[in-house]
Amino acid sequence: MTNRDIVEKLRNLIKEIQSREAALGKNSFEPSLEKPSLTGGFLVDSSCVSGEDTCSQSEPEILRPSRKPEIIEKEGYCVYTTVYTAGSLPWFYPPPLETVVLLTGEENPGAIVDALSLNQTLFLDLETTGLLGAGTVSFLTGLGRWKKDEFHVLQFLLSERDCEATMLEEIARELEGSRVLVTFNGKAFDMPVIRNRFIMNGLIHDFHDFDSHIDLFSLVRKLGKHPVYGLSLTESVKRFIGTSRVDDIPGHMIPALYFIYEQDKDISILEPVLEHNLLDILDMVGLLRVLGLTFSGKHRPYGDASALAGVGRFHLSRGGLELARQCLGTSLACFEDRPAHDKRRFKNMRLLATVMRKQGDWDAAAGIWNHLISRGVAVVDDYLWLARHYELHENDIMKSLNLVNQCADWLKERKYPVSNAVMSRKRRLERIISKMALGS
C-alpha cells in the first residue's frame, strides 16, 4: 500500500468516525482551507461557574475567548503565540499563589509563597503520534504561563521531524526559570514522552529543576468518582467548572491527522489539533484555580458528595481537623438521598469519626461507631475504638469487654480469623476485670 493509499484510507476512516459521533450527538469538526483560526469555545452555564448550588435551566452560553494570535515560522517548525487577558472567560483568572502551593503538597507553604511568582508556574500539554514508546514523537508542545494579568500560550508545531532537536532546544529555553509544573496526567504520560524525546535527540535537560509537579489528574482522583462525570480533563472541567467544549476533536484521531499533514503539508488539517491543545491548556488553567480554591476550603462543591469527602480526607491527612469535619459532615448530608447500603457513605462516616476522635469529641465519634455496628456494616476498628471509648471515657470495663467479645463473634460468624489486636484487647480487659474482682 502506497503512502497516498494510506492517507486516503485514513481520510475515509476519519469521515466514518465523524459520522458515527455525529449520530451519537457528539461534536464533530470540519477543517477549513484557511490558516488555523483556533476558534474553539466553551459551552458554559454561568450559574455553575459562579458557584451557585444549582445550575439554571436557561440555555447555556457559548463563549469564545478573545485572543491575539501570532505565528512565527522557523526552519522545520512553527511557534503559535496566543495571549488571553484575565477575565476573558468567567473562570479565567490567575489562581491565588497560596492555593497553588497548597496543591504542591509542600510542608512549608509560607516560605514558598514568599519566594514564588505566578509566572514561574508553567502549564504543559503534548500532542503525540501515539502512546508511550521509543517511536512516539511529541509533534505539538503547548506551554502556558501567567505574565501579570495576561496568560501567554506558546504552541510548538513540528513540521519536519529532522528539525525536532532544534525545536526542543527552544522549548528547553522556555522551561527555564519555571519552578512549578502543571499537567493533566503528565506524570504518567507527558513527562516520560518529553524526557524521552530529549534523550533520543542527544539533548540534556534536567527536568528536576522544577520544585514541584502538580498533576491535576491525581488531584481529581483524590476527589473521588462522580456518578455522572468521568476522570478525563474535559469531564473534570464539566464537573468542577461547569463548562463543555464546542467543536473539539476526539483525542484518538489526532495521530492520524498529523500523519495526513506530513503527507499533504496542508496546515489546515491540523487546525482542530492546535485548537484541542489550546483548549487543554485553558482547561488546566481553570481547573487549577478551582481545585486550589476547593482544597483550601474557599470553595465548597455542594451537591458533590465525593468531592467534599475528598477535600475532607485531604485536610485530615494534613491535620486540618476542623475543615475536614465540616467537609465530611456536608458530604454525608449529600448522601442522604442515596441508597442506604452505599459503601462510600459508611467509609465517610468512619473518617468523620476519626476526625472527631482526634479533636477529642469521643461522644460524637461513639455515636457513629454505634450506628455502624447496629447497621451491621462495621469493621474491626469500629468495635475496638468504641470499646476504648467505654474503657477510658465511660469507665465501663465490662461494656468494653462485651463489645470486644461481640467483635470476635462477628468475625467467627463470617469465618474470618480473629486478629491479634482483638485477642490482645480481650486478654487485657479480662486481666483488669480480674484485678478489680480481687480488689473488691
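Helices are DSSP runs of H or I with at least four residues, numbered from the N terminus. The structure treated in these exercises is a predicted model.

**Exercise 1. State how many helices and strands the protein has, and what share of its residues counts as buried.**

Solution.
Step 1. The protein contains 17 helices and 10 strands.
Step 2. The protein has 440 residues, of which 49% count as buried.
Step 3. Among contacts between residues at least 6 apart in sequence, 64% join residues at least 24 apart.

**Exercise 2. Determine how Lys238 and Glu235 are placed in helix 8, and whether each is buried or partly exposed.**

Solution.
Step 1. Side chains of opposite charge can pair when their charged atoms come close.
Step 2. Lys238 and Glu235 form a salt bridge, in which the closest N and O atoms are 3.2 Å apart.
Step 3. Both residues belong to helix 8 (residues 233-240); because Lys238 and Glu235 are three residues apart there, about one helical turn separates them.
Step 4. Buried means under 20% relative accessible area. Glu235, with 18%, is therefore buried. Lys238, at 31% relative accessibility, counts as partly exposed.

**Exercise 3. Explain which parts of the chain are tied together by the salt bridge of Asp283 and Arg245.**

Solution.
Step 1. The side chains of Asp283 and Arg245 meet in a salt bridge with an N to O distance of 2.8 Å.
Step 2. Asp283 lies in helix 10 (residues 271-295), whereas Arg245 lies in strand 10 (residues 243-246), so the pair ties together parts that are 38 residues apart in sequence.
Step 3. Asp283 and Arg245 are both buried.

**Exercise 4. Identify the helices linked by Glu391 and Arg428, and name the residues joined into one salt-bridge network.**

Solution.
Step 1. A salt bridge joins the side chains of Glu391 and Arg428, at 2.9 Å from N to O.
Step 2. Glu391 is in helix 15 (residues 380-392) and Arg428 is in helix 17 (residues 420-439); the pair, 37 residues apart, links distant parts of the chain.
Step 3. Glu391 has a relative accessible area of 10% and is therefore buried. Arg428 counts as partly exposed, at 29% relative accessibility.
Step 4. Through salt bridges that share partners, Arg245, Asp248, Asp280 and Asp283 form one network.
Step 5. Over the whole structure, a search finds 16 salt bridges.

**Exercise 5. Classify the packing of helix 13 against helix 14 from the angle between their axes.**

Solution.
Step 1. Two packed helices are described by the angle between their axes and the distance between the axes.
Step 2. The axes of helix 13 (residues 343-359) and helix 14 (residues 362-374) cross at roughly 155 degrees and come within 8 Å.
Step 3. Angles over 145 degrees count as roughly antiparallel. Helix 13 and helix 14 are therefore roughly antiparallel to each other.
Step 4. The crossing of helix 13 with helix 14 is left-handed.
Step 5. Residues making the contact include Phe346, Met349 and Leu352 of helix 13 and Trp362, Ile368 and Trp369 of helix 14. By class, this contact of helix 13 with helix 14 has 11 nonpolar, one polar and two charged residues.

**Exercise 6. Classify the packing of helix 3 against helix 10 in the same manner.**

Solution.
Step 1. Helix 3 (residues 97-104) and helix 10 pack at about 80 degrees, and their axes are 9 Å apart.
Step 2. Angles of 65 to 115 degrees count as roughly perpendicular. Helix 3 and helix 10 are therefore roughly perpendicular to each other.
Step 3. Helix 3 contributes Thr99, Val100, Leu102 and Leu103 to the contact, and helix 10 contributes Leu288, Leu291, Gly292, Leu293 and Phe295.
Step 4. The residues of the contact of helix 3 with helix 10 comprise seven nonpolar, two polar and no charged.

Definitions and conventions
Residues are numbered from 1 along each chain as its sequence is written. This is a predicted model: local features need pLDDT of at least 70, side-chain atom pairs count only at pLDDT 80 or more; totals for chains, interfaces and linings use all residues. Side-chain values use heavy atoms; hydrogens and water are left out. Axes are lines fitted to C-alpha atoms, for helices over the stretch in contact, and angles run from 0 to 180 degrees between N-to-C directions. Helices (H or I, at least four residues) and strands (E, at least two) are DSSP runs, numbered from the N terminus. Angles under 35 degrees count as roughly parallel, over 145 as roughly antiparallel, 65 to 115 as roughly perpendicular and the rest as oblique. A crossing is left-handed if the near helix is turned anticlockwise from the far one by less than a right angle, and right-handed if clockwise. Contact means heavy atoms within 4.5 Å. Ala, Val, Leu, Ile, Met, Phe, Trp, Tyr, Cys and Pro count as nonpolar, Asp, Glu, Lys and Arg as charged, and the others, Gly among them, as polar. A salt bridge is a side-chain nitrogen of Lys or Arg within 4 Å of a carboxyl oxygen of Asp or Glu. Buried means under 20% relative accessible area, exposed over 50%, partly exposed in between (1.4 Å probe, protein chains only).
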